[in-house]
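Colleague: I am new to this structure and would like a close look at just one part of it. Please choose a strand and walk me through what it pairs with and what lies around it.

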Amino acid sequence: MSERLLVLVRHGQSEWNLKNLFTGWKDPDLTELGVKEATEAGRKLKAQGLVFDVAYTSVLTRAQHTLDLILGELGQKGLPISKNLALNERDYGDLSGLNKDDARKKWGEEQVLIWRRSYDVPPPGGESLKDTLARALPYYVQEILPGVLNGKRTLVAAHGNSLRALIMVLEKLSPEGILKRELATGVPIIYRLNADSTVASKLDLAG
Ligand SMILES: O=C(O)[C@@H](CO)OP(=O)(O)O
């Protein structure tokens, strides 16, 4: 029986995560720590005995670099990889490139939290989580999920908010539930799905 394996992993720390800047569709690479986190994610997946048939990532460097490092650890550099902007980070619009603490000083803690974590309030000129879901979910349903259900062991290396959008659906979280859901950099989450695409089991490889 095929195992319907789906692993989601957020990229390792990026240069702009380190500088505390809103990043969105900007394209910084990983920091030295980010490289370590991604490598460690690969080691953890290997320690779980996991092997993949296919991988997906965004068109942004930090996610692609993370995937490359993971596949290196797994000895699976030749794996077919699909890159699509549907998996990109949420577009942060006018906030892109601003310092998150400066933004809190300017607009207040609460407003910035609403822009960062609410479900349907977009940052100025950018995408809400709902908007991100509206482009990430069709890609998941049409391109990723059919393979998973057919037994293709699948790895997705993407971003905090594009993955939060997918996790909202997978874990059936409410808009309130997703508000508190944070994803650590470089921590794989292993899902096994039922035939009806609901989650049979989940293992978070934190720590
Ligand atoms: O800046 C970003 O693009 C994201 C992820 O780093 O930030 P936030 O955690 O605020 O959604």
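**Strand E1 and its surroundings**

Modeller: Let us start with a single pair: Leu5 stands opposite Arg192 in E5. Before we go on, please keep in mind that this is a predicted model. Leu5 belongs to strand E1, which spans 5–10, while Arg192 sits in strand E5, at 189–193. The two strands pair in the antiparallel sense, over four bridges. E1 has a second partner, E4, and here the strands run parallel, joined by five bridges. On that side, Val9 has Ala157 of E4 as its bridge partner.

Now step back to the sheet as a whole. Its six strands come in the order E3-E2-E4-E1-E5-E6, and the sheet is open, with mixed pairing. At the edges are strand E3 (81–83) and strand E6 (199–204), each of which pairs on one side only. From one strand to the next, the twist averages 20°. If you follow the order from E1 past E4, you reach E2. E2 runs parallel to E4, and four bridges join them. Ala157 turns up again here, as the residue that Thr57 stands opposite in E4.

How much of E1 is buried? Five of its six residues are, and the strand is mostly covered. Just ahead of it, in the segment before E1, comes Arg4. Arg4 is not a glycine, yet its phi is positive, at about 50°. Arg4 also counts as buried, because 22 C-beta neighbours lie inside 10 Å of it. For another positive phi in a residue other than glycine, look at Ser197, where the value is near 75°. Ser197 is placed in the loop between E5 and E6. With 16 C-beta neighbours inside 10 Å, Ser197 counts as partly exposed.

Let us return to E1 and look at what its residues touch. Leaving aside residues up to four places away in sequence, Leu8 touches Val156, Leu163, Leu166 and Ile189. This brings us to the largest nonpolar core, which has 36 residues; those touching the most other members are Val7, Leu8, Ile70, Ala136, Val156, Ala157 and Leu166. Several elements supply at least two residues each: besides E1, E4 and E5, they are helix H2 (32–47), strand E2 (54–57), helix H3 (61–74), helix H6 (129–149) and helix H7 (160–170). H6 gives the most, with six residues. A gathering like this fits a general pattern: in soluble globular proteins, nonpolar side chains tend to be buried together.

Two of those helices are worth a visit. H6 lies across E1, E2, E3, E4 and E5, and runs at about 150° to E4. H7 is the helix that holds Leu163 and Leu166, two of the residues that Leu8 touches. This helix is mostly covered, with eight of its 11 residues buried. They are Asn161, Ser162, Leu163, Arg164, Ala165, Leu166, Ile167 and Met168. The elements covering them include E1, H6, E4 and helix H8 (175–179). After H7 comes Lys172, which has a positive phi, near 50°.

Asn161 links this helix to one more feature. Together with Asn17, Phe22, Thr23, Gly24, Glu89, Tyr92, Arg116 and Gly160, Asn161 is one of the residues around the ligand. By type, that shell divides into two nonpolar, five polar and two charged residues.

Finally, a stop at H3, another of the helices that supply the largest core. Leu71 is found there, and this residue counts as buried because it has 20 C-beta neighbours inside 10 Å. Setting aside residues up to four places away in sequence, Leu71 touches Ala55, Gln76, Lys77 and Leu79. Its C-alpha atom is separated by 21 Å from that of Lys202, which is 131 residues away along the chain.

So, to gather up the view from E1: the strand has E5 on an antiparallel pairing and E4 on a parallel one, H6 lies across it, and E1 is among the elements that cover the buried residues of H7.

Key:
Residues numbered from 1 in each chain as written. Predicted model: local features only at pLDDT ≥ 70, side-chain atom pairs only at ≥ 80, totals over all residues. Core = buried A, V, L, I, M, F, W, Y, C linked by C-beta atoms within 7 Å. Buried ≥ 20, exposed ≤ 12 C-beta atoms within 10 Å, placed from the backbone. Contact = placed C-beta atoms within 7 Å. Pairing = 2+ DSSP bridges. Axes fitted to C-alpha atoms, helices over the stretch in contact; angles between N-to-C directions. Near = placed C-beta within 6 Å. Nonpolar A, V, L, I, M, F, W, Y, C, P; charged D, E, K, R; others polar.
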